[in-house]
Every structure is written in structure tokens, then in C-alpha cells.
Amino acid sequence: MKEYKGANSFLSERQTVVTIGTFDGVHVGHRKIIERLVNSAHANNLDSVVLTFFPHPRMVLQKESGIQLINTIEERKRLLEETGIDHLVVHPFTQQFSRLTAVEFVRDILVNKLKAKKIIIGYDHRFGRNRTADINDLRQFGIEFGFEVEEITQQDVEQVAVSSTKIRNALLEGRVERANLYLQHPFTLNGTIVKGRGIGKDLGFPTANLEVEEDYKLIPKNGVYVVSANIDGDRVFGMMNIGTNPTVGGKEKTIEANFFELDKDLYGKELEIEMLVRIRDEKKFDSVDDLKIAMKQDRAFSKQYIKDNYA
């Protein structure tokens, strides 16, 4: 897959089949559409192109929306690369770009820049300034500029739209197994391991504190989870707490992972942590001893879950 920072830098010797969307999560519904894109490109001797945007349009046009996304842009790129597309165009979404008229978007971006010979798009897709144009307008542009339009049915579009919402809701409710089922891959948190308060080590459960840089990245519901990560080429399992550590007087939200059978200094490492299943809510215990007992139970649950599902 070739990646481009905007349509202006796109280069291809061949004409293309294009689909357009934010593709947050790159879940099962998205993958159906992209599979159709790739198959169509192969059948017609064309290149497949996914046109996506960053920042998310709502982050620009509705700055107070506080939107939380399933993927950071880097995570989205990695997932899209797995789908077998030829080209990924991540176009900067700006106020200026949002003011392009429908004909300017189609002519200047899709036709002149991306060499679109075919566009696969949802029946309810709207585009152009103030989102005034629809698929019927796109078909008219297709006649004018010489490209075919393939419609994604209402059923398929609703599956895509509903799944992204369902995934976000599932994660906010802590139901990562349900989210992973929709995604068809584990939900991940990516970040840098930073120094914490050292409380986990004092309790006998040394933790790696993950700092997620992107403030738009959705963080699942507070609680304790079974997790895994690839560390120096080895898959390592553990448990992770998201929350404020109220039993030991914590105030700020942290993401702390305790990896089993691992004796390595992780400070400064970039880590991708896969979230597998939720164990329980975070709670304030009456004493540190009660917290230790709960953590031992969490570890026993995690190890049994890992044995049952990954042995």
C-alpha cells in the first residue's frame, strides 16, 4: 500500500476505483466495502484507492462535539494496510477544504487528482459545501466526467454506520469482547511507557504506565482488563487498570498494565496494548490489603482466561 498526505501528492500510472469515508475502527462493515473496492479494481485492471480524512470532519466543523474515535490516525493506517488496497490518501480536512463545491470536489480531487474511473459510495453519502450533493448528483457528474458510480445499499451503509456507534458505546460501557467481535480484531491503546507513582511495585504488582498522546482517542470505561502486547517480539499477557486508583489516593486517570512473567525496563518504549476482556469495575477498597487480595484474584482470573483462550 502506498500512502499519501493529501490528494495533491497522489501518483498512479493507472486509473482508479475510489471509495470515501472516515473508516473509524476499520471494522467488519468497512472491510466488506473495501473488499468490494479491491475486487472491482482487480476485475477492471484499475488501482484501488481509499480516500479518508484527518482530522475527522466533526473535529473541524463541530469543535465542541468532543468526538472520541476508535482509532488514532496511525492505527487506522495500519488497519487499512491489511485490507490489500493499493493506495491510501489521507487528505487534510480543513475549513477551506469543507468549502469546496460539489463540482470542485469531484472534478479537482476525484477526477483530476485521483484519476477515478469508478466510485463506490453509500446511497446516503453527501458531499460538497454544506453537504448539499448526493449520489444522484454524483451520477450526473459521472456522465460529465466519465466515471461509473456503484451504490452501497442502505443495508450495507446502515451496518457500517451502526457498527461504529455500537463499537464506541460498547467500549464506553467496558464491553471490549463485544467491541472486538464487531472490529474482528482486538481494540488497542498505543502510547509511550512513562514513570508513574511506583505504587504498583510497592503492592507487588509492578506496572507499566501507558501515556496515550492523542486526546481524541477513545479510552474504554474505567476498570480492570485482561490485555496482551508484543514486547521485543514476544506476545506477553497481563492485566491493566484504567482509572484513578482511589484506594491509594489517586486523583488523575491513568492506564497501568501489569505484565506477567516479564522482567524488563519498559520506560520510554512505544507499546501497543490489546484489550481482551473486562474483569471488573475499578473500586475504592477499605484498605490496601483488600486491594492486594482483589489484585491477586484479578491475576488468577486473567491467567485462567489466557489459558482457556490462548494456550
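Start by selecting strand 2 (residues 16–20), helix 1 (28–43) and strand 3 (residues 47–54) in this predicted model: together, strand 2, helix 1 and strand 3 make a right-handed β-α-β unit. Hide helix 1 for a moment and look at the two strands. Strand 2 and strand 3 pair in the parallel sense over five bridges, and Val18 sits opposite Val49 of strand 3.

**Out across the open sheet**

Now widen the selection to the sheet around this unit. Six strands form an open sheet in the order 1-4-3-2-5-6, and the pairing is parallel. Where are the edges? Strand 1 (2–4) and strand 6 (148–152) stand there, each with a single partner strand, so one side of each has no neighbour in the sheet. Look along the sheet to see the twist: on average, neighbouring strands are turned by 20° against each other, direction ignored.

Come back to strand 3 and add strand 4 (residues 87–92). These two run parallel and share six bridges. Two pairs are worth labelling: Phe53 stands opposite His91 in strand 4, while Val50 has Leu88 as its bridge partner. Colour strand 3 by accessibility and you will find it mostly covered, with seven of its eight residues buried.

**Into the loop after strand 3**

Follow the chain onward to His56, which lies in the loop between strand 3 and helix 2 (57–61). Is His56 buried or exposed? With a relative accessibility of 11%, it counts as buried. Show its surroundings: setting aside residues up to four places away in sequence, His56 touches Thr22, Ile67 and Leu69.

**Helices beside the sheet**

Next, select helix 3 (residues 73–81). Its buried residues are Ile73, Glu75, Arg76, Lys77, Leu79 and Leu80. What do they pack against? Turn on strand 1, helix 1, strand 3, strand 4 and strand 7, and you have the partners of those buried residues.

Helix 1 has another partner to visit, helix 7 (154–172). The two pack at an angle of about 140°, and their axes are 7 Å apart; helix 1 and helix 7 are therefore oblique to each other. Show side chains at the meeting place: Val28, Gly29, His30, Lys32, Ile33 and Arg36 come from helix 1, and Asp156, Gln159, Val160 and Ser164 from helix 7.

**On to the barrel**

Move along to strands 7 to 12. Here six strands close into a barrel that runs 7-8-11-10-9-12, with antiparallel pairing. Neighbouring strands in the barrel are turned by 45° against each other on average, direction ignored. Zoom in on strand 7 and strand 12, an antiparallel pair with six bridges, and label Gly191, which stands opposite Leu271 in strand 12. Then add helix 8, which lies across strand 7, strand 9 and strand 12 and runs at about 125° to strand 12.

**Last stop: the cores**

Finish with the largest nonpolar core, a set of 30 residues. Leu189, Met240, Phe259, Ile273 and Met275 have the most contacts inside it. Among the elements giving two or more residues to this core are helix 7, helix 8 and strand 12 (270–280). A second, separate core has 29 residues, including Phe53, Ile109, Leu110 and Phe141; you met Phe53 earlier, opposite His91.

To close, centre the view on Phe259. Which residues surround it, apart from neighbours within four places in sequence? Phe259 is in contact with Ala208, Val227, Ala229, Ile231, Val236, Phe237, Gly238, Leu266, Leu271 and Ile273.

Technical notes. Residues are numbered from 1 along each chain as its sequence is written. This is a predicted model: local features need pLDDT of at least 70, side-chain atom pairs count only at pLDDT 80 or more; totals for chains, interfaces and linings use all residues. Side-chain values use heavy atoms; hydrogens and water are left out. A nonpolar core is a set of buried Ala, Val, Leu, Ile, Met, Phe, Trp, Tyr and Cys residues joined through side-chain atoms within 4.5 Å. Buried means under 20% relative accessible area, exposed over 50%, partly exposed in between (1.4 Å probe, protein chains only). Helices (H or I, at least four residues) and strands (E, at least two) are DSSP runs, numbered from the N terminus. Contact means heavy atoms within 4.5 Å. Two strands pair if DSSP finds at least two bridges between them. Axes are lines fitted to C-alpha atoms, for helices over the stretch in contact, and angles run from 0 to 180 degrees between N-to-C directions. A crossover is right-handed if, with the strands pointing away from the viewer, the path from the first strand over the helix to the second runs clockwise. Angles under 35 degrees count as roughly parallel, over 145 as roughly antiparallel, 65 to 115 as roughly perpendicular and the rest as oblique.
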